[in-house]
Amino acid sequence: MLKLFKNLNKKQYGYILVCIILIVFQVWLDLKLPDYMSEITVLIQTEGSKMGDIIKEGTYMLLCALGSLLSAILVGYLAASISSSFSMTLRDKIFDKVEKFSTAEMKKFSTSSLITRTTNDVTQMEMLIAMGLQMLIKAPIMAVWAVSKILNKSIELSILTGCCVGVLLVTIITIMIIVLPRFSIVQKLIDRVNGVTRENLTGIRVIRAFNAEKYQENRFDEVNNKLTNTQLFNQRTFAFMMPIMNFVMNFLSLGIYFIGAILIDKAMLLDKITIFSNVVVFISYGMQVIMSFLMLAMIFMIVPRAQISAKRISEVLDEDLSIKDGDYDLPTKEIGTVEFKNVSFKYPDADEYLIKNISFKVKRGETVAFIGSTGSGKSTLINLVPRFYDATDGEVLVDGVNVKDYKLKNLHNKLGYVSQKAFMFDSTVKENVTYGDNGKTTPSDEKVKEAIEVAQAKEFVLELDGGYDAHIARGGTNVSGGQKQRLSIARAIARDPEIYIFDDSFSALDFKTDATLRHELKKYTKDATSLIVAQRIGTIIDADKIIVLDKGECVGIGNHKELLKNCDIYKEIALSQLSKEELENA
Amino acid sequence: MPRMNRMRNEKANDFKGSMKRILKSMQKWKVIMFVAIVLAMISSIFSLISPNKLSDITDAITQGITPNTKVLSKITEKISINLTDQELLSKKVQSIMLDQNIDNDDKLVLQDTLAKMANLSDEEKGKAIMSLPDTILLNLLDEIEVSNKKISPSSQLATIKILGSIDKDDNDKALKAISDLPSDIYELIKPKMDMDYIKKIALFLLILYIIGATFGYIQHFILSTVSNRFAQNLRDAISKKINRLPLKYFDNHEMGDVLSRITNDVDAIAQHLNNSLASLVSALTLFLGCIFMMFYTNYIMAITAILASLIGFVLMFLILSKSQKYFNQKQKELGKLNGHIEEIYSGHNVVKAYNGEEDAKKEFDKLNQNLYNCNQKSQFLSGLMPSLMGFIGNFGYVAVCVVGALLTMNDVISFGVIVAFMIYVRLFTSPLSQIAQAMTGLQSVAAAGERVFEFLDEEELSSQEHIHKSLELDKVKGDIEFKNVKFGYDKNKTIINDFSVKAKSGEKIAIVGPTGAGKTTMVNLLMKFYEIDGGDILIDGVSTKELTRENIHKLFTMVLQDTWLFEGTVRDNVKFNRENVTDEEIWEALKVVGVDHFVKTLPGGLDAKIDDSDSISSGQKQLLTIARGMIDNAPFLILDEATSNVDTRTEELVSKAMDKLTKGKTSFIIAHRLSTIKNADIILVMQNGNIVEQGNHDTLMKKNGFYADLYNSQFSGN
């Protein structure tokens, strides 16, 4: 956690120093207050005191209180600015780091975990600083100072205060020990309630079809009951806290008065007044002591939680980047070529290779397709081109240059990548199509329209409210899967790339649209090279070259007809999709 | 613990209505809640009584600190009468003169002094008398009686000697002198503390505190029980409601929305209700009680305390409303930033491949800066509260002390009253912020309640009470007929117009069409998930309108495109809600779809836990859901792209299993792959939600329409 605090800059450290000074000053004032209070009580107590004296002491006391308030306001201001700029810096750093991550790191952390790390975990740290900065500094100073103030005043009353603090701490710790582990259970049960409800919603047709409503209700009742009972146990245990705290505090004041009375009664006449004013002081200092110990206890409750968050943040910031940017940014001799030279790939900590010893070369304007069953490594293979991963062995060359040597930006400028899951941004159709930067000028409106037309999306885009400027919701929830896929293809087209990469990007299209789209694309981009991953034979049937993958190995290269003759696996796949006569007709 | 990410609207549209509804649905706990409220009030009243009692103790203590000066002055008064009264003096002088025991020299001094006395002032007279020898003075003094106690002349002599030497300006020395007084006099004037009285009050307070704490606990116990049970009931009601809503509802409502109601909203109700109700009741009692007690004790002091606190409260509310504004703004900004982060992270590949990092960073920086701006302000303002409250407390304290001192000097009130007010001031300031907090809490309750009730009030599936007919599973032949069916998801937009088709028992009906053509609509109508707008669907000649949904569902086996497994064992998932299914039957079904081997490899076999996560492949999931369908022996079968998640080679395996499944049953098959449905008895071709063609493969191909187009496109390429 301490490492994260290195992200504070000099100005913020300066602020912290000022905070410490102010807090010391504030504690000094706060502890001075009871002095004035007892002064005032004694004045009122003794007959013949002058009104002027009381008002004088009262003014001092108010000045103290005001000073304390002012420094509290200042500390609050500084703490707020330290903590919020600290969290801003942290968020910034995490975001920068994540932008540099490769797919491997994204997978390792998972997107949702990275999101919570960038937001919730940072908020936790912010809370720690905002509250901690004040309490962490204040509580120990306050505790030590207040204790020292009362320690030499009266042994008996000190023991009493000590006992009360002890009882309180034991109570809090006991309750925490009982309840804290159950908090995480509650969290899990809430997830379960969520999970079962989610199941009910996603499976609503199945449940109704099976008349299983009652069955699901029972399943829900079970978790609902568990959740409620655990919650109840927690809250009932927690309910001890306030009454006990109140009782102890009340008991302390009563005890101080009572023991004070006995002490005064037994004391010599001369000592009585002194003891009495000590008693009055004790009433307020005793409370201060208790309060400062409560604050300490609170810190012990926040720190472990923040520590977990700090660890999660550090993990992201300390992650080694597996993809390092190259520095090649000169024009290349070749254009539109992709070559794999004995490429193998495995995840850094895996034993099995996902791709084994693949070699092939694609010339400018060629269409190369990759086919194979799920898990055969075709997506992984194609992801090596835009460097989402780096090959473990061998070389991947684009335009004759190793992809690792390129400046990533230059490499990406050559590519038009369409992902497996079509991804939409929360903006207009047009902005989704012109997304990003290809090192050239932003595509013109004409270009956008063309791209959309080639991607077979024109018809539905024009039907949208607003046409090309229609709003696409976050994640594209207001358009269908097939429509999203066509828009993301349009995005690649608008980029005018040398090389297209389609990672199973036609799956949500029906056969007809699929065929027309590819046909139009071919017409539109004669010179562009295409790499296509597909499941359907129909999609790849007319590719220049088809590479058949099985368990990471290349088991056949050739066109459809050749492969049908000499590649068993290809034949098997083809036959499972089309009947014999259909294949022959094709 | 407060929720950090409160993204939802915190304000109810109709606070009163929503609260009323909540309270109404809590009726069954009204007695026990009333008890809790009474207990909360009693606890508050206790905390009001105790300062008064504490002030009694302080009064008792103060009486035990300083000597009783009134008695002392009475004694000195009586002594001085003895020494100054002329008549008494002359009588005494005579007897001294006659006394043989007194030294003659002393008698001479006495006479001498008396002679001079005539022209002396009173003060000088006293001094003169005091300078007389002790023996004479002793004889001059009489035994006196104060507070029913006799004081001997010798004690009197010692007293006046000590008192005469006192330096009035030095308090310490004076007290020391007083404690040196002869014991019979000291006994009379020493500070007396009524320990018995103190003990009695202390015991009373101790009992009060114990009862107060116990009541406090009982009240917390009751309220947390009630609010949690209430939350449980709400969750239960929502869960049951899901099953009673028409599927239509879920077409235009997001799943996340329902989920958020069942967790976030219900949680908010439970949490805030628990905290707010208790604190509202006790704070209100405390607040009103405090005002009452203050006025009861002393009205001038009461006005002082209230005025002093009032200034602070005005300030506090100003800050509170301001900080609320920034807080809302902060939540909004946080939401925006979250959205952006989510978008960029989940689109990571696209962002990278399209060099969108710089743009993303620019946008991020902007949002991050915005968040910083209002975050800092809201944090600063909300952090002010406790310090400000502390100051108000201190301010009230001083005001009470000053005014109190003024009043004690004029003997209007005792010191104890001031002590009581010192506590009242603090008691008085805390409930107001508690009430403010409780009110915002209740606002959240009302807002969350509104959302929950809105869901619970949604229109439910049509009632089936009037339906008495039913078709028995084993007596149904399996004929089905669509007769002039009219249907539209939207009442104004009919997508199926006058559709008629007849299928005989054992026939295979295929539904084909491009993605989004509305193939699932047919399933929805067959299963009566949606009600048709016109025409009729007949099973064995019986209108489905005259059958309950449950009855219809029983006649169908359905396997869907979306594999749906729930968290539970393999056995639970395959057996599902059906009773009397033996393990043998389950194994049999697993074997048919070819996952028996896979299940055997799982730890625990049928008892292995599975869920909807990625632990098993989507193909295996699909096979398990098919196995689930196998258990039933219904006359109708619906396969809605049931093999879409299986890779093409596994699919072959499954379709063999399917063939077994469809044997002898009237089956409806929705498929992407046209080759599998070529042999269907009837093919329904759908486009844009409507049925555009129907017939068998050959007739449709001959027609050379949409179907032929679709069929050829799959291997035409270009």
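**Exercise 1. Find the handedness of the crossing of α11(B) and α17(B), and describe the contact.**

Start with the result: α11(B) and α17(B) make a left-handed crossing. Left-handed means that the near helix is turned anticlockwise from the far one by less than a right angle; clockwise would be right-handed. The model is predicted: local features need pLDDT of at least 70, side-chain atom pairs need pLDDT 80 or more, and totals for chains, interfaces and linings use all residues. Residues are numbered from 1 along each chain as its sequence is written, with chains lettered from A and ligands numbered from 1 in the order in which they are written.

Next, locate the helices. Helix α11 of chain B covers residues 195-244, and helix α17 of chain B covers residues 415-456. Their axes come within 10 Å and cross at roughly 35°. Axes are lines fitted to C-alpha atoms, for helices over the stretch in contact; angles run from 0 to 180 degrees between N-to-C directions.

Now list the residues. From α11(B) come B:Leu234, B:Ala237, B:Ile238 and B:Lys241; they meet B:Val452, B:Phe455 and B:Leu456 of α17(B). Contact means C-beta atoms, placed from the backbone, within 7 Å.

**Exercise 2. Describe the fold and extent of chain A.**

Count the elements: chain A has 20 helices and 12 strands. These are DSSP runs, numbered from the N terminus: helices are H or I with at least four residues, strands E with at least two.

Then take the box. The C-alpha atoms of chain A fill roughly 120 × 65 × 50 Å along the principal axes.

Finally, split the chain. Domain 1 is 2-318 and domain 2 is 338-585, with bounds from an automatic or database domain assignment. In chain A, their C-alpha centres lie 55 Å apart.

Methods: Two residues are in contact if their C-beta atoms, placed from the backbone, lie within 7 Å.
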